[in-house]
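Trainee: I'm new to this one. Could you pick a single part and take me through it closely?

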Amino acid sequence: MPATRRIAGTGLAILSGLAVAVQSRINGELGVRLHDGFAAAVISFGVGLLVLLVLVPAAPTGRRGLAALRRALAAGSLRPWQCLGGVCGAFLVATQGLTIGTLGVAVFTVAVVAGQTGSGLAVDRAGVGPTGRQPLTAQRLAGAALTVVAVLLAVGDRLGEPDALVLAVLPLLAGVGIAWQQAVNGRVRAAADSALTATLVNFAVGTVALLVAFAVDVAVRGWPAGSLPTEPWLYVGGPIGIVFIALAAAIVRFTGVLLLGLATIAGQIVGAVGLDMALPTAASHPGPTTLLGAALTLVAVLVAALAPQR
């Protein structure tokens, strides 16, 4: 693959990672205000879906993409299960609303990093993404191992808070799903020849999954206790997600799943720690071990990114 495209794709992925850190803070705050992480996730995905339902039919590339997507599904070149990446995105957004109020953005992000890096290795090795199979090298394994150490360091000051440690498992699992989501969304983009269409599919599937989860949540716990906040900025998590998903679907064919994930991670780590330090909340109090864990995650990203590509 051309080096310039790979470098440009990596830079865009880093910027999208910064946006994801901002989205995490927004959706986390919305979940705190509503006292319900599922409700916050439904609002975030729902707003994004509404934007896309207007944008995709209005854009020529979107209309062509929808037609191409139908043809690919009918011909069997794209399988229905490859359109389910939005379920993983829905789970990530739900964990933002459920856990960030307790964990803070930094610990949340480092936990996501661990799952995403390990899953990126497996997804690339299996050839799920549009770039096909990627080699499993010692450097990539070292990068994945370093992220696990980084997570242990980042949550080290929470060892006396078992509830927080249990919650950290949720973003860890969400990170595992992100790599698979990026791979299959790349397949949808390739079939539709439109990142915008792939993003619409992602948001439609994710919104349906979240509505089902929210219905179960309401049946078990009742309607959310909080009221809808009036600040407009709490409702831009969905549009930020549109940018992230569209960029990932567009550039994964140049970077591969692992490098895309690692570059995104770098942006997330910088953004998350910066947010927790510049705009702290009651839960966001990153200490020396959290900062060290974040720094080590960046080292892990560098180690794995420098591994030879196929």
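Mentor: Sure, and one term before we start: a residue counts as exposed when its relative accessible area is over 50%, and as buried when that value is under 20%. Keep in mind, too, that this is a predicted model.

Let's look at helix α3, which covers residues 60–75. With 16 residues at 1.5 Å each, α3 should span 22 Å, and its end C-alpha atoms sit 23 Å apart, so the two values agree. Now for the side that is tucked away: Gly 62, Gly 65, Ala 68, Leu 69 and Ala 72 are the buried residues of α3. Looking down the axis of α3, you'd find these buried residues within an arc of 125 degrees, which means they line one face of the helix. Over on the other side of α3, the exposed residues are Arg 64, Arg 70, Arg 71, Ala 74 and Ala 75. Just past the end of α3 comes Gly 76, with a positive phi of about 85 degrees.

Positive phi turns up elsewhere in the chain as well, so here are two residues to set beside Gly 76. His 35 has a phi of about 60 degrees, although it isn't a glycine. You'll find His 35 in the loop between α1 (3–34) and α2 (37–58). His 35 has a relative accessible area of 53%, so it counts as exposed. Asp 193, not a glycine either, has a positive phi of about 55 degrees, and its place is the loop between α7 (162–192) and α8 (195–221). With 62% relative accessibility, Asp 193 is exposed.

Definitions and conventions:
Residues are numbered from 1 along each chain as its sequence is written. This is a predicted model: local features need pLDDT of at least 70, side-chain atom pairs count only at pLDDT 80 or more; totals for chains, interfaces and linings use all residues. Side-chain values use heavy atoms; hydrogens and water are left out. Helices (H or I, at least four residues) and strands (E, at least two) are DSSP runs, numbered from the N terminus. The expected span of a helix is 1.5 Å times one less than its number of residues. Buried means under 20% relative accessible area, exposed over 50%, partly exposed in between (1.4 Å probe, protein chains only). The arc is that of the directions from the helix axis to the C-beta atoms.
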